[in-house]
Amino acid sequence: MVAKKVLLRFSNSLISKPIVYRLVKDYNLAFNILKAQILPDEEGEMVLEIEGDRACYEKGMAFLKDTGVEVLNIDKRIVKDEERCYHCSACTVVCPSGAISIDRETMRVGYDPEQCIVCELCVGTCPPRAMRVEIV
Amino acid sequence: MAGQTEVRKTYSEINAKIRKGEAVVVTAEEMIGIVDREGPVGAARKVDVVTTGTFGPMCSSGAFLNFGHSKPKIKVSKAWLNGVSAYAGLAAVDLYIGVTEIPEEDPENKVHPGKFLYGGGHVIEDLIAGKEVRLKAVAYGTDCYPSGEIDTQITLQALNECYLFNPRNAYQNYNCAVNFGNKMLYTYMGGLKPKLGNANYCSAGQLSPLLNDPYYRTIGIGTRIFIGGNMGYVVGPGTQHNPSVKRGENGVVRAPAGTMATYGDLKGMRTEYVRGVSLQGYGTSLALGIGVPIPILDQELARTTGVSDEQIVTQIVDYSTDYPQGIAKSYGEVNYRELKSGKIMIEGKGVKTAALSSYPKAVKIAETLKEWILGGRFFLGEPQETLPSADAGVSFKPLTQR
Ligand code: SF4
Ligand code: SF4
C-alpha cells in the first residue's frame, strides 16, 4: 500500500475529460481531492492524496502521464515553526495556493498545510526562516 | 482650543505617579479612541503615558562585547564569531559584531538570489538564546599581549559586557516599495514581483514610536525604552536622521525621516524580540523590537499620540530603477490603513501589500511596556537633549563623488 500526495497539472484540452475518475475505476486507487483549481485560459491544477496498491499506483500515474497530465510528487511538506514566525506577512504575497492567510483584525498570519502545493516560494521569502521543508 | 485650560505635566510628576501606582498608561492604539472621544485636552488630563512599539529588520544594529583576557593575553586583530567576522579595531578583547556581516565563505549572490542563512544577526540571537558561540581570533603578538591566536567557545553569561549599540533604529516612517520593472527583485524590502506584483512596507504605523511624537519633543539621549525585551536607552539621533522631510498638517512625516541610535544590554533580552533574519538576495539582518513610552506632558502630545493609520501616509517608490539609481521619485502617497488592508491602487492597478515589520509584535511590545510602567518597574527617562527636530536644519545628504 502507498499513500502519496501528488500535484497534477492539466492543459486546457484535458480539463473537460473525466481522467481522474479512471484512477478509481481502472486502477483501483482511492483519492482525496485536497485542492482543485481551474483557471480560465490557463491550466488546471489539482492536489490529490492517493492510496492503493503500489503497482496500481505506478500504473495509474503512468496512465496520467500518457494522457498528457503533468504529475509532480509532493513527497515534501512545508511546516511552519510557530515559534519563529513573527507575523510580518512577507509570505502572504508570494503564496500561490491560498495556504497562507492573514487575519486583517490582528494582522496575524495563518498557514493551512492542506492547501499547500509545496512550491517552496515562502521558504526563501520568510526572513526568520519559519517556513521549512520537511521530507515525508 | 480657545477657552480650554492648558494641561502641563513634568517627567517627575509622572514618575511620582508611576511610583505610587497611580499613573494612567495606555498604548498608542488605545489612545486613538481616547483622543477621539475626549479631545486632546481631555485625553491629556486623563492619560500620563502612551506606549508605542515597533518590530522589524533593523540593519544598522550590532553588539559590542568584551570576552575577558585569555592566558597568555591577546590583543585581537581579527576575530570571528561562529565564522562571522567581528570588528576588532578596538582595545585588546573588545569586539563589535554587526548584524549584516556574513561568513567569508558565504556564497553571497553567486547563485542569485542568495540565501544568506547565517550572519551577525543570527550570532546575536544565538548569544541571547544562551547558545555557545565559537570565538576564533588571531593577533600579531606584543610584549604585553603575546598570544597569537585563540579558538574557544563563549556564552553570553560568561562575557563581561555585551550590549547592542545600534547606530540607526526605529525609522520614522518608511517607503512603500514596488517594482515597475520586468524582472523579480530581491531587496531589503523583501521580494518584489515584476510589473507591480506586490507592494511591501515596513512600519508599525499608528504604533510606531517616532510617528507618535513627530517632532521628537520627548525622545533623545537618555529616553528609557524597551529594546529586545530588556530596558535600554536612546543614545541620540540615529544615522541618516532626517527631520526636514515634508510633513502633513498633523506634523506627521510623509516619508522616511527621523531615526534613533539605541543601547541595550543583551543580558536580559529575549529571542522573541531579537531575531536573526535572512533577506533573500540581499543579506542578513536583525529583526528587533523597540518600544518607546511617550509622556503626555501637554495636550499637543495627546494629539500627536492619538494619530491613527489613515492619518499617516508614505510614498510609493520604485525599486527597479529609481531607488537603486538614487532618483527621488514618488508614484503617489498611500496611508497605513490602506497598506494594512492588503491591497492598494497604484496607477489604476490593484496591488497586493505585505509588511516586513510585524504589527502583532508591535502590539505586544506596547502592551508589555505598559505593564512594566503600571507595575512600577519602568520609569520615564528625561532626555538630556532631544533629537534634532524639523527646525534644526538637519538633512540627509547624498555622497559627493570626486
Ligand atoms: S510552499 Fe509556501 S508559498 Fe508554496 S503553497 Fe505552500 S505555503 Fe504557499
Ligand atoms: S514571512 Fe515568515 S515570519 Fe513573516 S508571516 Fe510569513 S512565516 Fe511568519
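Two strands are said to pair if DSSP finds at least two bridges between them, and strands (E, at least two residues) and helices (H or I, at least four) are DSSP runs numbered from the N terminus. The model is predicted, so local features need pLDDT of at least 70 and side-chain atom pairs count only at pLDDT 80 or more, whereas totals for chains, interfaces and linings use all residues. Residues are numbered from 1 along each chain as its sequence is written, chains are lettered from A and ligands numbered from 1 in the order in which they are written, and side-chain values use heavy atoms, with hydrogens and water left out.

**Exercise 1. Describe the open sheet with the order 1-2-21 in chain B, and the helices that lie across it.**

Step 1. This sheet of chain B has three strands, and its pairing is mixed. Strand 1 (25–27) and strand 21 (293–295) are its edge strands, each pairing on one side only. Neighbouring strands are turned by 25° against each other on average, direction ignored; axes here are lines fitted to C-alpha atoms, for helices over the stretch in contact, and angles run from 0 to 180 degrees between N-to-C directions.

Step 2. Three bridges connect strand 2 (residues 49–51) of chain B with strand 21 of chain B in the antiparallel sense, and B:Thr51 stands opposite B:Pro293 of strand 21.

Step 3. Helix 2 of chain B lies across strand 1 and strand 2, at about 100° to strand 1, where contact means heavy atoms within 4.5 Å. Helix 8 of chain B lies across strand 1, strand 2 and strand 21, and runs at about 175° to strand 1.

**Exercise 2. Work out which strands stand at the edges of the sheet of four strands in chain B, and what lies across that sheet.**

Step 1. The order of this open sheet is 6-5-8-9, with antiparallel pairing. Strand 6 (84–86) and strand 9 (149–154) of chain B each have a single partner strand, so one side of each is left without a neighbour in the sheet. The average turn between neighbouring strands is 25°, direction ignored.

Step 2. Strand 5 (residues 78–81) of chain B is joined to strand 6 by three bridges, the two running antiparallel, and B:Leu81 has B:Val84 as its bridge partner in strand 6.

Step 3. Helix 3 (residues 120–128) of chain B lies across strand 5, strand 6, strand 8 (133–138) and strand 9, at about 125° to strand 8.

**Exercise 3. Compile the lining of the largest pocket and of the second largest pocket.**

Step 1. On a 1 Å grid over the protein atoms alone, a pocket is an open set of points where a 1.4 Å probe fits, with protein on both sides within 12 Å along at least five of seven lines, and lining residues have an atom within 4 Å of a point. Grid points are joined across faces, edges and corners, and a volume is the space filled by probe spheres set on the points.

Step 2. The largest pocket has a volume of about 1,200 Å³. Its lining has 40 residues, with B:Tyr171, B:Tyr174, B:Asn175, B:Pro256 and B:Tyr323 nearest its centre. Strand 3 of chain B gives the largest share of this lining, four residues. By class the lining holds 23 nonpolar, 13 polar and four charged residues (Ala, Val, Leu, Ile, Met, Phe, Trp, Tyr, Cys and Pro count as nonpolar, Asp, Glu, Lys and Arg as charged, and the others, Gly among them, as polar).

Step 3. The second largest pocket has a volume of about 570 Å³. Of its 25 lining residues, A:Glu105, A:Thr106, A:Met107, B:Glu29 and B:Tyr359 are the closest to its centre. Helix 8 (359–374) of chain B is one of the helices that supply at least two residues, and its five residues are the largest share. This lining has seven nonpolar, five polar and 13 charged residues.

**Exercise 4. Characterise the interface between chain A and chain B.**

Step 1. In chain A, 20 residues are in contact with 29 residues of chain B.

Step 2. The area buried between the chains is about 1,800 Å², of which carbon and sulfur atoms give 52%; buried area is the accessible area (1.4 Å probe) that two parts lose on being put together, summed over both. A:Tyr86, A:Val93 and A:Arg129 lose the most area in chain A, together 35% of what that side buries.

**Exercise 5. Locate the cis peptide bond from B:Lys71 to B:Pro72.**

The omega of this bond is near -5°, and B:Pro72 is found in the loop between strand 4 (62–66) and strand 5 of chain B.
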